[in-house]
Amino acid sequence: MNGKRGRPRNVETHKAILSASYELLLENGFQAVTVDKIAERAQVSKATIYKWCPNKAAVIMESFLDAATARLPVPDTGSALDNIVIHATNLTNFLTSREGTIITQLLGEGQFDSGLAEAYRTRFFRPRRLEARGLLEQAIAQGELKEGLDIAICIDLIYGPIFYRLLVTGDTLDETYVQHLVENAFAGIRS
């Protein structure tokens, strides 16, 4: 009986920690967030936070992923081109939103924290790539794209320029750009 009583409180505590972490991240940016501040905002001890996450970066990454997953649904319109345009546009809109700019901070921190880099690769980028892979495989199965495509290269071809603009050039990232990007990529990989 005690196990049943404690479990909901633990889940609620975990949610409070993630919520506090995410709020602080949005308010102050990655560098200003500390485990002490998260604990204070969530009204828990630092030890409670360390039960779930080994460090500040892991807490922040988990809170970010929790929010990002809810904002990035996988479309199913029946059209491969439309699905990829919507998927890439949703990702672009998220990355350029106030919340999404956090990913650039996490990418920067990941250059010095291999655990954080592994976390965002496995828990943010890999799931997005798997979603894109599924959409492209579906398009091949439906005959919209060529058989035998190297799907990993196609994903890089479509999504790589978004990150290049986001992280390197700073050029405009909007729905028009994504539409043109996907249309041009599909011109080469269409069946």
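Where does Leu-145 lie? Leu-145 sits in the loop that runs between helix H7 (114-141) and H8. The model shown here is predicted.

Start with the whole chain. The protein chain has nine helices and zero strands. Along the sequence, the pattern reads α-α-α-α-α-α-α-α-α. The C-alpha atoms fill a box of roughly 60 × 45 × 25 Å along the principal axes. Of contacts with a separation of 6 or more, 65% join residues 24 or more positions apart.

Now return to the loop. Is Leu-145 buried or exposed? Leu-145 counts as buried because its relative accessibility is 2%, and buried means under 20%. Across the protein chain, buried residues make up 44% of the 191 residues. Leu-145 is also far along the sequence from His-14: the two are 131 residues apart. In space, their C-alpha atoms are 43 Å apart.

Move on to helix H8, which covers residues 151-169. This helix holds Leu-167. Leu-167 has 44% relative accessibility, so it counts as partly exposed. That class falls between the 20% limit for buried and the 50% limit for exposed. Leu-167 also helps make a nonpolar surface patch, together with Tyr-164 and Val-168. The patch measures about 320 Å².

Finish with the surface and the charges. The protein chain exposes about 10,200 Å². Carbon and sulfur atoms supply 51% of that area. The protein chain carries 21 positive and 23 negative charges. The mean positions of these two sets are 9 Å apart.

Terms used
Residues numbered from 1 in each chain as written. Predicted model: local features only at pLDDT ≥ 70, side-chain atom pairs only at ≥ 80, totals over all residues. Heavy atoms only, no water. Patch = residues over 30% accessible without salt bridge, like charges linked within 9 Å, V, L, I, M, F, W, Y side chains within 5 Å. Areas by Shrake-Rupley, 256 points an atom, 1.4 Å probe, with all protein chains shown as cover. Salt bridge = Lys/Arg side-chain N within 4 Å of Asp/Glu carboxyl O. Helix = DSSP H or I, 4+ residues; strand = E, 2+ residues; numbered from the N terminus. Buried < 20%, exposed > 50% of the residue type's maximum accessible area, 1.4 Å probe, protein only. Contact = heavy atoms within 4.5 Å. Lys, Arg positive; Asp, Glu negative; His and termini not counted. Charge placed at Lys NZ, Arg CZ, Asp CG, Glu CD.
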